[in-house]
Amino acid sequence: MSSAPDVQRPPAEVRFAAELEALRRSDTAARPPGWAMSLDAARRFICGDPARGVTAKFVGDPSLVDRCLVTLATSRGLMLIGEPGTAKSLLSELIAAAVSGDSTLTIQGGAATTEDQIKYSWNYAMLVADGPTPAALVPAPMLTGMVRSGVVRFEEITRCPLEVQDCLLSLLSERSLAVPELSGPEAMTFARQGFNVIATANTRDRGVNEMSAALKRPFNFETVFPIADFDTEYRLVLDEATRLLHESGVPVSPPPDVMEVLVTAFRELREGRTADGDAMDPMSTVMSTAEAVSVAHAMGVRAWYLRGTEPDPGDIVATLAGAAVKDDAEDLTRLRRYLEQQVPRKRGRAWRGLGEARGLLPG
């Protein structure tokens, strides 16, 4: 797999190849059957190990990571649920890279997802010419994962129609996949040790296509919560924004006071309560950490490429509306009310600048 510089976002096993290799070389602990490394090494890869030069890649409760790894080691499916932007997909990618060395066996759930995209399809030219043969079979992620001992990631599973979701029942309960068009040994594939499924679903969409009780049964459910600690969220947003700006050709980092204002505003708008404990109208949009990183990135790009400077509070206002206001027009009113009523109570240059720039909001 290439790590060419023009790839916008290489998979985890490419981005962190050196760390994975170092952990595998020094890994002497027992490994579950079919795993590329032990649970301890996988945990250190995800949560970090400064003594070994391994960076922390997921900011959250380490016990959550432990539970996820144990779930997979017991051959149970893992379901990660939570608000959008809480790094469910990142966590599933990191776990897949650690456990099987490949995070690219991915199914993106949606209304148009079909069984062919999950299990297998056919090369129709060969099918017409020779009939159903193993050579004409085109494996999809599930079949590939069963054969290669891989971890398959199923993103946004509840966005799929119920009849498509239910094609996973035999895969997860029997650990086998039937190809009725074939005959003989090729008609049935049995999963090798190490095969498993990590699915994600965001709680905002629960009920869109609620999973059946039968499909829930083979999964262990784990909830990924937003970051509770301000300092942790601030450091994460600053580090990620700085990395993204560097990749975008921007040589300056956002000023700390401007970033502090941005993260505080996101947390207050998300929770519907100020840092001083005053109640306020929460946004209907999910003001996630991922959205804060996106806004910080946009601020830096806007400031550098339009003015040749570092971002200022005016850039927060100019870029915040696109992230905070989606399909609810009232959110723009809530955002404007926050800038008019709550921001003037804050102290500091960046907060004053944020209040003065509220005229940059659209509408």
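Buried here means under 20% relative accessible area, exposed means over 50%, and partly exposed lies in between, with a 1.4 Å probe and protein chains only. The model is predicted, so that local features need a pLDDT of at least 70 and side-chain atom pairs count only at pLDDT 80 or more, while totals for chains, interfaces and linings use all residues. Residues are numbered from 1 along each chain as its sequence is written, and side-chain values use heavy atoms, with hydrogens and water left out.

**Exercise 1. Describe how helix 5 is covered, and place Glu93 within it.**

Solution. Helices (H or I, at least four residues) and strands (E, at least two) are DSSP runs, numbered from the N terminus. Helix 5 spans residues 88-100, and ten of its 13 residues are buried, which leaves the helix mostly covered. The buried residues are Lys88, Leu91, Ser92, Glu93, Leu94, Ile95, Ala96, Ala97, Ala98 and Val99. Glu93 counts as buried because its relative accessibility is 4%. With contact taken as heavy atoms within 4.5 Å, and not counting residues up to four places away in sequence, Glu93 touches Arg9, Pro10, Pro11, Ala12, Arg15, Ser103 and Arg153. Just after the helix, Gly101 takes a positive phi of about 75°.

**Exercise 2. Work out which strands pair with strand 1, and which way its residues point.**

Solution. Two strands pair if DSSP finds at least two bridges between them. Strand 1 (residues 77-82) is joined by five bridges to strand 9 (residues 219-223), and the two run parallel; five bridges also join strand 1 to strand 8 (residues 196-202), again in parallel. Leu80 stands opposite Glu222 in strand 9, whereas the bridge partner of Gly82 in strand 8 is Asn202. In a regular strand the side chains alternate between the two faces of the sheet. Here Gly77, Met79 and Ile81 point one way, while Leu78, Leu80 and Gly82 point the other way, and all are buried.

**Exercise 3. Identify the face that helix 16 buries, and relate this helix to the largest nonpolar core.**

Solution. Helix 16 (residues 330-342) has 13 residues and reaches 17 Å from its first C-alpha to its last, close to the 18 Å expected at 1.5 Å a residue, where the expected span is 1.5 Å times one less than the number of residues. Its buried residues are Asp331, Leu332, Leu335, Tyr338, Leu339 and Gln342. Seen down the helix axis, these residues fall within an arc of 145° (taken from the directions from the axis to the C-beta atoms), so they line one face of helix 16. They pack against helix 13, helix 15 and helix 17.

A nonpolar core is a set of buried Ala, Val, Leu, Ile, Met, Phe, Trp, Tyr and Cys residues joined through side-chain atoms within 4.5 Å. In the largest one, of 38 residues, Leu262, Ile316, Leu335, Tyr338 and Leu354 touch the most other members. Among the elements that give two or more residues to this core are helix 13 (256-271), helix 15 (313-324), helix 16 and helix 17 (349-356), and helix 13 gives the most, with eight residues.

**Exercise 4. Judge the confidence of the chain and of helix 16.**

Solution. The pLDDT is the predictor's confidence in each residue, from 0 to 100. The chain averages 90, and 97% of the residues score at least 70. Confidence is lowest in helix 16, at a mean of 85, and highest in strand 5 (residues 151-155), at 97.
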